[in-house]
Amino acid sequence: MKNYFHAPTLCAASLFLVLLFVNACGGRVSSGNPQAAAPPDLNGIWSAPFTPDISKALGHQPPFTTYGAARFAKEDEFDDPLTKCLPIGPARGIQAGIMPFQIVQTPAVLTILFENQHTFRIIHTDGRSHPKDADPTWFGDSIGKWDGDTLVVDTVGLDDRTWLDTAGHEHSDQLHLVERFQKVDNNSIKWTVTFEDPKFFTEPWSITLPIARQNTEIMSYSCEENEKDRAHLRRTKK
Amino acid sequence: MKTMSSFMLGLAFFILPLPTPVFAHHGFAVEFDKDNPLTLTGTVTKMEFMNPHIYFYLDVKGKDGKVVNWAFEGGPPNVIYRQGWRKDTLKPGDVVTVKGFRAKDGTHLASCSTVKLPDGREMAGGTGGASQNAYGSAVAADGKK
């Protein structure tokens, strides 16, 4: 009986089919589904431009409500929660933290470890929702979803004692943050944050900053270690 | 205060580059007076390379012969470490010249914009320099937002 299953021919045909399959899957043979492709790797140490006045990045003042404008007009750096060594908050930690931060990424959770005050954010990427009626906290509750090459982080439940920057832009506990971390290349992330707070702002507004990979390590920090400034601070407004 | 006035006359005042506040936990304007720049030469008595800002101290002799121990505040140790500072960059006994701005409360405290070391190097004090500041300071040295 003639052997119709010539081994080399069979192997070549199989290889062709495999390559065809891989190509159809965009090279992601492991998942077989482009939607389930591995997300970009954001691990590493990063820093954004120091932006102590967020309106400079926006190009103008945020769209204040009457209440928000009145609060900003009277706010004084003297009252900055950082002068009391209180936590910096989620977005300010990125844009006005002076110091770098480290992203540690796993499939179910992504953490941002701030050198500033050695604080951290936990962003759940396991598909959970925000808890209902959670008490506000310094870094809020963050959940993340991947949208292609972009991690979209939704944060609510923020303590209204944090500031958005050193200049005194404040918010209420109704603040809702939506951040987009788009991996541009191995050394850069495009970060866009949208601030929504009906008490302080008439409409949502956004800034975009470049985040660059840093050739350094996260260093030690303790705000209370040798804090001597508080006694010398003076109000900047009468 | 009379002694203080004559002492202040002994300070060499001149225009300094505007400070770029990169303070770790407070802005420039809330502590220092942009209208009161100073340059002081003295002998290092102590260095505190600690958070949230470095502090170092100089014995400074005024024209009246009195020695006053001044405190100088620089940037956060992490920030200035990355700019080349080390905890022994300033050692007790070193004679250095510091440019900065005096504290608003009138005490013998000033910010450190730059410090000239005995070997001639001039180090930024951590109130500017390597830290990026593309999007402006919270409160400029002129006190305006």
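Two strands pair if DSSP finds at least two bridges between them. Helices (H or I, at least four residues) and strands (E, at least two) are DSSP runs, numbered from the N terminus. This is a predicted model, in which local features need pLDDT of at least 70, side-chain atom pairs count only at pLDDT 80 or more, and totals for chains, interfaces and linings use all residues. Residues are numbered from 1 along each chain as its sequence is written, while chains are lettered from A and ligands numbered from 1 in the order in which they are written.

**View 1. Strands β2 and β3 of chain A form an antiparallel pair.** Strand β2 covers residues 101–105, and strand β3 covers residues 109–114. Five bridges link the two. A:Gln105 sits opposite A:Leu110 of β3(A).

**View 2. Nine strands of chain A close into a barrel.** The strand order is β1-β2-β3-β4-β5-β6-β7-β8-β9, and the pairing is mixed. On average, neighbouring strands of this sheet are turned by 30 degrees against each other, direction ignored (axes are lines fitted to C-alpha atoms). Chain A also has four helices. From the N terminus, its elements follow the order α-β-α-α-α-β-β-β-β-β-β-β-β. Of its 238 residues, 32% are buried (20 or more other C-beta atoms within 10 Å of the residue's own, with C-beta atoms placed from the backbone). Among contacts in chain A with a separation of 6 or more, 57% join residues 24 or more positions apart (a contact puts two C-beta atoms, placed from the backbone, within 7 Å).

**View 3. A hairpin of chain B joins β2 and β3.** Strands β2 (residues 55–61) and β3 (residues 67–73) run antiparallel, with seven bridges between them. B:Asp59 has B:Asn69 as its bridge partner in β3(B). Five residues lie between the strands of the hairpin. There, B:Gly65 adopts a positive phi near 85 degrees.

**View 4. Strand β3 of chain B also pairs with β5.** This pairing is parallel and has three bridges. Strand β5 spans residues 109–111. B:Glu73 faces B:Ser111 of β5(B) across the pair.

**View 5. B:Leu117 occupies a loop of chain B.** The loop lies between β6 (114–116) and β7 (122–124). B:Leu117 counts as partly exposed because it has 16 C-beta neighbours inside 10 Å, a count between the limits of 12 or fewer for exposed and 20 or more for buried. Leaving out residues up to four places away in sequence, B:Leu117 touches B:Val96 and B:Met123. B:Thr89 is 28 residues from B:Leu117 along the chain, and their C-alpha atoms are 8.3 Å apart.

Key. Axes are lines fitted to C-alpha atoms, for helices over the stretch in contact, and angles run from 0 to 180 degrees between N-to-C directions.
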